[in-house]
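Biologist: Before we start, please show me the structure, and then tell me how each term is justified.

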Amino acid sequence: MTIDLSKIPSVTRVLTEPGVVALKQRYSHDFIVDTIQDVLSSVRSNSIFQDMKTIVSKVEHQLSQKSKRTMVGAINATGVVLHTGLGRAVLSASAAHAVHEVARGHCILEIDTETGQRGSRQNHFTSLLTAFTGAESALVVNNNAAAVVLSIAALAGGKEVLISRGELVEIGGAFRIPEIIAASGAKLVEVGSTNRTRLSDFEKAITPSTGLILKCHPSNYRIVGFTEQPRVEDLVSLGAKHDIPVVNDLGSGAILDTLEFGISGTTTMSTALKSGVSAITASGDKLLGGPQCGLILGKAKVVAQMATHPLARAFRIDKLSLAALEATLREYQNMESVRNRIPTLRYLSRTIAELELLAAELELAIKEIVSQLSIGITTSESQVGGGSLPGEMLPTVCVRVSTGTSQKSANDIVYLLRMNSPAIFARVHANAVLLDPRTLECHDFATIANALSRIEME
Ligand SMILES: *Cc1c(COP(=O)(O)O)cnc(C)c1O
């Protein structure tokens, strides 16, 4: 069907409609005009006639859609504790409170209350970090990628950086060690082979231009079979002999030993420092359970070298993350309650017995209002995630949702859960949607049940 284009109203005409005039209370004139233009051009290109009432309601709907916040909360039923797409670590209540407080007013960021003189924003956590890790000194930047760039730039700018071929990692697509080294103004020297690198390989690679020996945790892969890497202690001795600093990029900055959660393959920050390295770098929003930031811990002289490099200013941590980090670290001042108060640790420490209870509770909430979908309980595995530990899985108990007498496939269900408001993320396994309570809070259960009830009606 073709329409008479001359019948399409002008923007000026639509602007005079009472329904549109009322919108001026909420939206600016230009925003309304742009939206009217969008609506009219879609009427024109679809060649479907629409009366004024429909046009006005479309304008209203589009304005409301366009002004919705997109960075909103979501429900993580994937069981992936550190889910990069869902914002990695969930902050503790005290960290969230601290962020709120310093966001809503002025704050003591870089000022000494006693003297009124300018201070350093680093003072808020230096003593906490050094106390928990045994480091001589600490510096916090924007994220761990920045911490690595700063370490290389400050210690080895214009020089050569030695790294084992088995540790040329790529994390999350954009963090690739060879590119990070190049961007830091240093030259990469690959040492050894992918699976086997010996201390003698490092020794042979040292030249007068060597500025740094870098170690990098293979956070998202594992080399198995016939493998060998020199001990960090031996790299440190070698470095000391030639006056070359050694930096260890840990990736995940744990204070607690994750073995207690059944997770192997990580080193706590204090253990990593005991090897004698010049510095370690780590993320604040992985196993530490804090905000996005990059921790640099190590020898006072080395950390000072980094702190005074011009990039330190470019990578400076912002006041909101700083508030969250300080509050997160203060949770570790009470080692009895920290596992309960930091969500990342709480999720990791959930036992099978607890997960069984949570799954049963979620199942019950769903079964009360859902009748067509088939609901049950199944055992499965949760991932730690966040590029923190390669393939590290934790046993879990999930609620299993499948087609039942509805017409919905598992892929339909998982899609519709994502389209829910708030969005609910789950995983599909063997033709069913699995809801993993490991990463859920009890107050999510009713929301999930309601969403499933709407989905089976659709
Ligand atoms: C995660 C990770 C990074 C990047 O840290 P961000 O805080 O995301 O910048 C760097 N190195 C390793 C080994 C990592 O695991």
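Modeller: A polar contact is a pair of N or O atoms within 3.5 Å; within protein, one atom must be able to donate a hydrogen and the other to accept it, and residues adjacent in sequence count only if both atoms are side-chain atoms. This is a predicted model, in which local features need pLDDT of at least 70 and side-chain atom pairs count only at pLDDT 80 or more, while totals for chains, interfaces and linings use all residues. Residues are numbered from 1 along each chain as its sequence is written, and side-chain values use heavy atoms, with hydrogens and water left out.

Biologist: What makes the pair between the ligand and Ala145 a polar contact?

Modeller: An oxygen atom of the ligand is 2.9 Å from a polar backbone atom of Ala145. The limit is 3.5 Å, so the pair counts as a polar contact. For the side chains, a ligand oxygen is 2.6 Å from an N or O atom of Ser283, and a ligand oxygen is 2.7 Å from an N or O atom of Lys286. The protein covers 94% of the 380 Å² of accessible area that the ligand has on its own (Shrake-Rupley method, 1.4 Å probe; for residues, only the protein chains shown count as cover).

Biologist: Which elements give two or more residues to the shell around the ligand?

Modeller: They are α7 (144–156) and β8 (246–252). Helices (H or I, at least four residues) and strands (E, at least two) are DSSP runs, numbered from the N terminus.

Biologist: How do you know which residues belong around the ligand?

Modeller: A residue is near a molecule or strand if one of its heavy atoms lies within 4 Å of it. There are 14 residues around the ligand, and Ala145, Ser219, Asp249, Ser283 and Lys286 come nearest. The shell divides into four nonpolar, seven polar and three charged residues. Here Ala, Val, Leu, Ile, Met, Phe, Trp, Tyr, Cys and Pro count as nonpolar, Asp, Glu, Lys and Arg as charged, and the others, Gly among them, as polar.

Biologist: Why are β7 and β8 called paired?

Modeller: Two strands pair if DSSP finds at least two bridges between them. Four bridges join β7 (residues 210–216) to β8, so the two are paired, and they run parallel. Ile213 stands opposite Val246 in β8. Helix α10 (residues 232–242) packs on the sheet, touching β7 and β8, and its direction makes about 175 degrees with that of β7. Contact means heavy atoms within 4.5 Å; axes are lines fitted to C-alpha atoms, for helices over the stretch in contact, and angles run from 0 to 180 degrees between N-to-C directions.

Biologist: What is the order of the open sheet of seven strands?

Modeller: The order is β2-β10-β9-β8-β7-β3-β6, with mixed pairing. β2 (137–141) and β6 (187–191) are edge strands, because each pairs on one side only.

Biologist: What makes β14 and β15 a pair?

Modeller: They share three bridges in the antiparallel sense, and the rule asks for at least two, so they pair. His429 has Ala432 in β15 as its bridge partner. Asn431 is in the loop between β14 (427–429) and β15 (432–435), and its phi is near 60 degrees, a positive value in a residue other than glycine.

Biologist: Which open sheet has antiparallel pairing?

Modeller: The sheet of four strands, in the order β11-β12-β15-β14. Its edge strands are β11 (374–383) and β14.
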